Amino acid sequence: MNKPLPPASTSELMTRVNDIAGLTLGEIAASYAFNTPENLLREKGWIGQLIEYVLGATAASKPEPDFEHLGIELKTLPISYSGKPLETTYVSITPLTNLHGVTWQNSVVKKKLSHVLWLPILSERDLAPTDRIIGNGFLWQPSTLQEAQLKKDWEELTEMIALGNIEQINGHFGQVLQLRPKAANSKALTQAIGPNGKEIMTLPRGYYLKTEFTRQILAEQFGAG
DNA sequence: CCGTGATCATTT
DNA sequence: AAATGATCACGG
């Protein structure tokens, strides 16, 4: 099977999304000769990469929306049998230096989350990757309230980073957006601002959406209860 | 090392 | 069980 081309329009993209709903990852992987691992221990991003391929995403490994010409970011969302998110959702790497002039409006987080294609995947751990089931994908843009929540957390976290307090931040900061390590391992280091503006080296961090936030997005789309 | 794709594993 | 911290693969 040839590599899928980028969808020409949003409606074509959503047609493809609807076409794969209900299929297992094993079924679509077989269609595209995509290797399927026994587990995700060593290929944690496999599901996202498979879906990107099948839908014709273009911006792999680039800090751009997955569908550049459509301005849409693709996020797979692992869900439980009861339809709740199983994991937080990675958004982007966290800038730790050169924060002068950075605002919510021009932030990478706002840019990334401005238009998202959520694709729930029934992904309980007792299901092998090949047996996991693709759900109903949908387009989403943050509501006024959601954006206000994101903005508040982002501004608080960014201020702490800019004031040299990165080492005080842990995963419990933020109502909907949190900061957590995002690195190869705990020995990876990157430059950051320390106390008194002194340069320090610290673990690279990423922005993540908490599960309660994505649970609400699913509830709005599919109905609570 | 950075940034993409995330989930695993341990702690609470 | 849920939340936080640690980790895996890959292209550049």
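**Figure 1. Residue classes at the surface near DNA strand C.** The residues of this surface comprise 5 nonpolar, 8 polar and 4 charged members. The view, like those that follow, is taken from a predicted model. In total, 17 residues surround DNA strand C. Arg42, Gly171, His172, Arg180 and Ser186 are the closest of them. Of the atoms of DNA strand C that come within 4 Å of the protein, 59% belong to sugar and phosphate. Among the secondary-structure elements, strand 6 (residues 177-181) gives the most to the surface near DNA strand C, contributing 3 residues.

**Figure 2. Backbone atoms of the protein beside DNA strand C.** Three residues of the protein are shown here, Gly171, Ala183 and Ser186. For Gly171, a backbone N or O atom lies 2.6 Å from a phosphate oxygen of DNA strand C. A polar backbone atom of Ser186 is likewise placed 2.6 Å from a phosphate oxygen of DNA strand C. At Ala183 the partner is a base oxygen of DNA strand C, which lies 3.4 Å from a backbone N or O atom of the residue. Both Gly171 and Ser186 are listed among the residues closest to DNA strand C.

**Figure 3. The surface near DNA strand B.** DNA strand B is surrounded by 27 residues. The closest are Thr76, Tyr90, Lys182, Thr190 and Tyr208. Sugar and phosphate make up 64% of the atoms of DNA strand B that come within 4 Å of the protein. By class, the residues of this surface divide into 8 nonpolar, 8 polar and 11 charged.

**Figure 4. Side chains of the protein beside DNA strand B.** The side chain of Glu87 has an N or O atom 3.0 Å from a base nitrogen of DNA strand B. For Lys112, the distance from a side-chain N or O atom to a phosphate oxygen of DNA strand B is 3.1 Å. For Arg125, a side-chain N or O atom is found 3.0 Å from a phosphate oxygen of DNA strand B. Helix 3 (46-55), strand 1 (73-79) and strand 2 (89-93) are the elements that give two or more residues to the surface near DNA strand B. Strand 1 gives the most, with 4 residues.

**Figure 5. Packing of helix 5 against helix 6.** Helix 5 spans residues 144-162 and helix 6 spans residues 211-222. The two helices pack at an angle of about 170°, and their axes are 12 Å apart. Because angles over 145 degrees count as roughly antiparallel, helix 5 and helix 6 are described as roughly antiparallel to each other. Helix 5 makes the contact through Gln146, Gln149 and Leu150, and helix 6 through Phe213, Ile217 and Glu220. By class, this contact has 3 nonpolar, 2 polar and 1 charged residues.

**Figure 6. The surroundings of Leu150.** Leu150 is placed in helix 5. With a relative accessibility of 1%, Leu150 counts as buried. Apart from its neighbours within four places in sequence, Leu150 is in contact with Trp104, Leu113, Val176, Leu177, Leu209 and Phe213. Phe213 also belongs to the contact between helix 5 and helix 6. Ser80, which is 70 residues from Leu150 in sequence, is 25 Å away in space, C-alpha to C-alpha.

**Figure 7. Ala57 in the loop between helix 3 and strand 1.** The loop that holds Ala57 joins these two elements. Ala57 is buried, and its relative accessible area is 16%. When neighbours within four places in sequence are left aside, Ala57 is in contact with Glu52, Asp66 and Phe67. Between the C-alpha atoms of Ala57 and Glu73 the separation is 9.2 Å, and the two residues are 16 residues apart along the chain.

**Figure 8. Two loop residues with a positive phi.** Ala33 lies in the loop between helix 2 (25-31) and helix 3. Its phi is near 55°, a positive value in a residue other than glycine. Ala33 is exposed, with 72% relative accessible area. Asn196 is located in the loop between strand 7 (190-193) and strand 8 (199-202). The phi of Asn196 is near 65°, again a positive value in a residue other than glycine. Asn196 is exposed, with 81% relative accessible area.

Definitions and conventions
Residues are numbered from 1 along each chain as its sequence is written. Chains are lettered from A and ligands numbered from 1 in the order in which they are written. This is a predicted model: local features need pLDDT of at least 70, side-chain atom pairs count only at pLDDT 80 or more; totals for chains, interfaces and linings use all residues. Side-chain values use heavy atoms; hydrogens and water are left out. Axes are lines fitted to C-alpha atoms, for helices over the stretch in contact, and angles run from 0 to 180 degrees between N-to-C directions. Angles under 35 degrees count as roughly parallel, over 145 as roughly antiparallel, 65 to 115 as roughly perpendicular and the rest as oblique. Contact means heavy atoms within 4.5 Å. Ala, Val, Leu, Ile, Met, Phe, Trp, Tyr, Cys and Pro count as nonpolar, Asp, Glu, Lys and Arg as charged, and the others, Gly among them, as polar. A residue is near a molecule or strand if one of its heavy atoms lies within 4 Å of it. A polar contact is a pair of N or O atoms within 3.5 Å; within protein, one must be able to donate a hydrogen and the other to accept it, and residues adjacent in sequence count only if both atoms are side-chain atoms. Buried means under 20% relative accessible area, exposed over 50%, partly exposed in between (1.4 Å probe, protein chains only).
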